[in-house]
Every structure is written in structure tokens, then in C-alpha cells.
Amino acid sequence: MDATDEVRGVGPGEVEVYYSPLPGDAREALRWRIRKTLRGRLWLLLWLGLPLVPAALGAARGIPAEHTLALAVLGPAVGWYGAYLSVDWRAHRMYHRSARYPEYRCTLCDTGVVTRLPDGTSGEFSWDWCAGYGETRNLFVLLVKENGAVKWLPKRAALTDAELGRVREIHARNLRRL
């Protein structure tokens with residue numbers, strides 16, 4: 001892809017970046033959502049707490065303590081594994097959906113993000129649709145207000161540290177950091 005100023009220099013206050021999706025991007029975005037949002041923490045609490053219900057019911061019905069203890073230890077382990085598999089499965093689906101296109105071209109400006117795909121289609125994402133943003137080691141993650149979904153932009157999309165700083169500045173100017 002051509003990286004000249006004519007293509008990348010889209011205007012003052014705008015940044016154009018290119019990236020190809022990687023399998024770990026979706027998993028990292030989902031893990032950020034679980035850690036940073038109430039909805040994500042409640043989801044994790046449900047996965048970890050629901051398996052304790054049989055232990056509590058067993059204790060209330062007078063099941064021997066060693067059996068109740070086994071349920072109390074085994075329940076959260078099963079819940080943790082279920083949560084892990086659930087995140088892994090969702091991340092896998094999200095990656096395969098995004099990997100249909102080998103390259104994304106995004107223009108970030110004060111009104112939102114415009115994404116152009118190799119097949120000639122494009123989509124616009126307004127900042128008004130976002131509840132906020134966050135950063136992980138490799139991504140900028142946007143949280144959608146309506147349904148709590150996540151959108152991500154890999155930091156590797158910026159070719160230089162100056163572009164990365166401009167992307168960070170646009171996010172900070174238009175969104176609340178979560």
C-alpha cells in the first residue's frame with residue numbers, strides 16, 4: 001500500500017492508518033471489556049459465582065461438609081474454564097469476521113472513524129456511538145454505548161510514533177477514557 005503524504009496526510013487533525021487483523025486482537029479487546037466495564041465484570045461474576053449455587057444448596061440441605069467443600073472448590077474452577085472458553089470462542093468468531101478482509105484503511109477525525117475495505121465499501125463510526133475508549137498494550141479499544149460491544153484499532157496501524165500520538169490525541173479529545 002502506498003504510504004505517501006498524499007494518501008496518509010488526509011488533513012489537519014485527521015490520521016489515516018492501515019492494518020491487517022490478527023487473531024489475538026479480538027481476545028485482547030474482549031479481555032479489556034471484562035476488566036473495565038460493569039457489564040463485563042458482571043458477566044465474569046456470573047461465570048464464577050453460578051457454579052457455587054450447588055455447593056450452597058448442598059450445605060443448606062445437610063450434605064456432608066467434605067462433599068460441599070468439593071463442590072465449592074470445583075465450582076469456581078469449572079466456571080473459570082467456562083469463562084475462558086466463552087471468551088476464546090467469541091474472540092475466534094470476531095477474528096474470523098474481521099479476517100474476511102486482508103487490510104483495513106481507517107481515517108480518524110473529530111467526527112469519528114471512516115473505515116474503507118478493499119472491496120470498495122466503507123463504513124462510518126461516529127464518536128457519539130461510543131461510551132468511551134481504553135488502551136491495552138497493543139490496541140485502542142472503543143466501547144459501543146448501545147450494546148456494550150467493542151471495536152478495536154491496533155496500535156501497529158500507526159507507522160510512526162507521531163501518528164500513534166495523533167491517534168491517541170484524537171481519542172482523548174473526543175471520548176472519555178475508561
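What percentage of the 178 residues in the chain do buried residues make up? Colour the chain by relative accessible area and you'll get the answer: 39%. Keep in mind as you click around that this is a predicted model.

**Stop one: the whole chain.** Select everything and switch to cartoon. You should find six helices and seven strands. Follow the cartoon along the sequence and the order reads α-β-α-α-α-α-β-β-β-β-β-β-α. The radius of gyration is 21 Å, well over the 16 Å from the globule rule for 178 residues, so the chain is more spread out than a compact globule. Now show just the C-alpha atoms and line the view up with the principal axes: they fill a box of roughly 75 × 30 × 25 Å.

**Stop two: helix H2.** Select residues 23-36 and turn on side chains. The ones to pick out as buried are Asp25, Ala26, Glu28, Ala29, Leu30, Trp32, Arg33 and Ile34. What do these buried residues of H2 pack against? Add helix H3 (38-49) and helix H5 (65-98) to your selection, then strands S5 (130-135), S6 (139-144) and S7 (150-154), and you have the partners on screen.

**Stop three: contacts.** Pull up a contact map, leaving out pairs with a separation below 6. Residues 24 or more positions apart account for 59% of the contacts that remain.

**Stop four: surface and charge.** Switch on the surface: the chain exposes about 10600 Å², with carbon and sulfur atoms supplying 59% of that area. Last, select the charged side chains. There are 25 positive and 19 negative ones, and the centres of the two sets sit 10 Å apart.

Definitions and conventions. Residues numbered from 1 in each chain as written. Predicted model: local features only at pLDDT ≥ 70, side-chain atom pairs only at ≥ 80, totals over all residues. Heavy atoms only, no water. Buried < 20%, exposed > 50% of the residue type's maximum accessible area, 1.4 Å probe, protein only. Helix = DSSP H or I, 4+ residues; strand = E, 2+ residues; numbered from the N terminus. Contact = heavy atoms within 4.5 Å. Rg over C-alpha atoms; globule rule 2.2 N^0.38 Å. Areas by Shrake-Rupley, 256 points an atom, 1.4 Å probe, with all protein chains shown as cover. Lys, Arg positive; Asp, Glu negative; His and termini not counted. Charge placed at Lys NZ, Arg CZ, Asp CG, Glu CD.
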